[in-house]
Protein chains: 2
Amino acid sequence: MFLGTYRHAVDTKGRVAIPARFREQLPSGTIISKGAEGCLQVYPPQEWGMEQGLRLGSTTPAEERRLARMMFGAARECEFDAQGRIVLSADQRQYAAISTVAWIVGVNNLIEIWNDDNWRHIGEATPEEYTRIQDQVAERRRAQST
Amino acid sequence: MFLGTYRHAVDTKGRVAIPARFREQLPSGTIISKGAEGCLQVYPPQEWGMEQGLRLGSTTPAEERRLARMMFGAARECEFDAQGRIVLSADQRQYAAISTVAWIVGVNNLIEIWNDDNWRHIGEATPEEYTRIQDQVAERRRAQST
DNA sequence: CACGAAGTGGGGAAAAGTGGGGAGAATGAG
DNA sequence: CTCATTCTCCCCACTTTTCCCCACTTCGTG
């Protein structure tokens with residue numbers, strides 16, 4: 001389980017240190033790719049496995065082809081150096097608009113990486129906002145279960 | 001599993017370097033052919049085998065005959081030189097409109113090769129687009145499973 | 001305050017990618 | 001059949017990128 005928010009530097013070579021608490025839980029075969037709302041997502045192998053149903057073949061529909069290309073095209077296996085850092089590719093940094101600082105956030109089953117602005121926008125919430133969103137999700141679930 | 005996007009030069013002889021990460025996973029018997037949306041596709045032997053359900057016979061429907069002719073007719077075995085490059089034939093370069101630059105993209109089970117423009121259209125996505133397409137495919141799957 | 005663990009920065013060897021020259025096979029014309 | 005031209009493919013040399021290693025700083029803990 002990944003919990004907590006960390007602010008780390010990104011150096012000129014695109015390297016970011018993954019917090020030690022997270023790293024301990026990440027076996028080899030961990031994948032990083034694009035995520036919704038402009039973040040990057042780090043998938044431990046068992047989580048990534050769920051995304052792999054998506055394959056290309058002569059019978060794959062158009063939208064799935066598109067998603068597969070974007071998702072796998074942006075993905076890389078995480079390779080940690082001796083200091084526990086991974087390299088974010090130029091693509092990945094551009095997509096997430098990350099230059100010198102990254103926010104690394106544990107979100108239960110996976111890890112997200114955000115730039116300064118987007119994280120402030122998405123992650124920080126006033127008590128009022130927080131309450132409103134909680135109610136919204138509850139409402140939606142009630143509607144679906146019927 | 002093929003992951004990531006690479007931008008490589010195509011020289012005057014039509015040669016492109018296949019990224020080392022991909023090359024390691026490509027045994028001999030790898031096939032390159034035409035793909036949807038104007039890309040070229042590189043099939044490792046086991047993936048190519050899956051496409052071979054497509055056969056010509058007296059009961060083959062018309063569209064399948066057409067697809068089989070195009071797909072198998074355009075196919076070639078990949079031959080790597082000592083630097084890890086393959087030669088794209090004049091046909092293949094024309095089909096994919098590739099001149100001096102190629103984008104080489106790992107899409108889970110196979111590899112695609114694109115020209116600049118087409119890749120920019122299909123593969124690069126703003127966070128908004130990416131989020132929308134992800135939601136669309138998720139929605140579609142949810143609908144199908146009921 | 002001292003010690004250890006975690007994070008940051010940079011230099012250098014090794015690997016990957018790029019471009020061109022030239023030998024040998026294939027093709028086509030005389 | 002011979003010769004010339006083209007094309008393929010192999011080899012070598014150069015450039016760029018990657019990644020491995022070392023050293024310093026910062027933070028948290030006892």
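Helices (H or I, at least four residues) and strands (E, at least two) are DSSP runs, numbered from the N terminus. Two strands pair if DSSP finds at least two bridges between them. With that in hand, let's start with a hairpin. Strand 3 and strand 4 of chain B form one with five residues between them, and Glu37(B) in the turn has a positive phi of about 60 degrees.

A word on what you're looking at: this is a predicted model, in which local features need pLDDT of at least 70 and side-chain atom pairs count only at pLDDT 80 or more, while totals for chains, interfaces and linings use all residues. Residues are numbered from 1 along each chain as its sequence is written, and chains are lettered from A and ligands numbered from 1 in the order in which they are written.

**The sheet strands of chain B**

Back to that hairpin. Strand 3 (residues 31–34) of chain B runs antiparallel to strand 4 of chain B, joined by four bridges, and Ile31(B) sits opposite Tyr43(B). Strand 4 (residues 40–43) of chain B is covered on both faces: Leu40(B) and Val42(B) on one side, and Gln41(B) and Tyr43(B) on the other, are all buried. Buried here stands for 20 or more other C-beta atoms within 10 Å of a residue's own, with C-beta atoms placed from the backbone. Strand 4 of chain B also has three bridges to strand 8 (residues 110–114) of chain B, again antiparallel. There, Leu40(B) has Ile113(B) as its bridge partner.

**The sheet of chain A**

In chain A, six strands make an open sheet in the order 1-7-8-4-3-5, with antiparallel pairing. Strand 1 (2–9) and strand 5 (76–77) of chain A stand at the edges with a single partner strand each, so one side of each has no neighbour in the sheet. Here are some of the pairings:

| Strands of chain A | Bridges | A facing pair |
|---|---|---|
| 1 and 7 | eight bridges | Thr5(A) and Val105(A) |
| 7 and 8 | five bridges | Trp103(A) and Trp114(A) |
| 4 and 8 | three bridges | Gln41(A) and Glu112(A) |

Strands 7 and 8 of chain A are joined by a hairpin through one residue. Four of the five residues of strand 8 of chain A are buried, so this strand is largely enclosed by the rest of the structure.

**Where the chains meet**

The contact between the chains takes 23 residues from chain B and 26 residues from chain A; two residues are in contact if their C-beta atoms, placed from the backbone, lie within 7 Å. On the chain B side, helix 6 gives the most, with seven residues. That side divides into 13 nonpolar, nine polar and one charged. (Ala, Val, Leu, Ile, Met, Phe, Trp, Tyr, Cys and Pro count as nonpolar, Asp, Glu, Lys and Arg as charged, and the others, Gly among them, as polar.)

Helix 6 of chain B is hardly covered, with one buried residue among its 19. Its end C-alpha atoms are 27 Å apart, which agrees with the 27 Å expected at 1.5 Å a residue, the expected span being 1.5 Å times one less than the number of residues.

Val107(B) is in contact with residues of both chains, including Leu56(A), Phe72(A) and Phe2(B), leaving aside neighbours within four places in sequence.

**Beside the DNA**

The residues around DNA strand D include Gln83(A), Lys13(B) and Gln83(B); near means a C-beta atom, placed from the backbone, within 6 Å. This surface divides into four nonpolar, two polar and three charged residues.

Terms used. A residue is buried if 20 or more other C-beta atoms lie within 10 Å of its own, exposed if 12 or fewer, and partly exposed in between; C-beta atoms are placed from the backbone.
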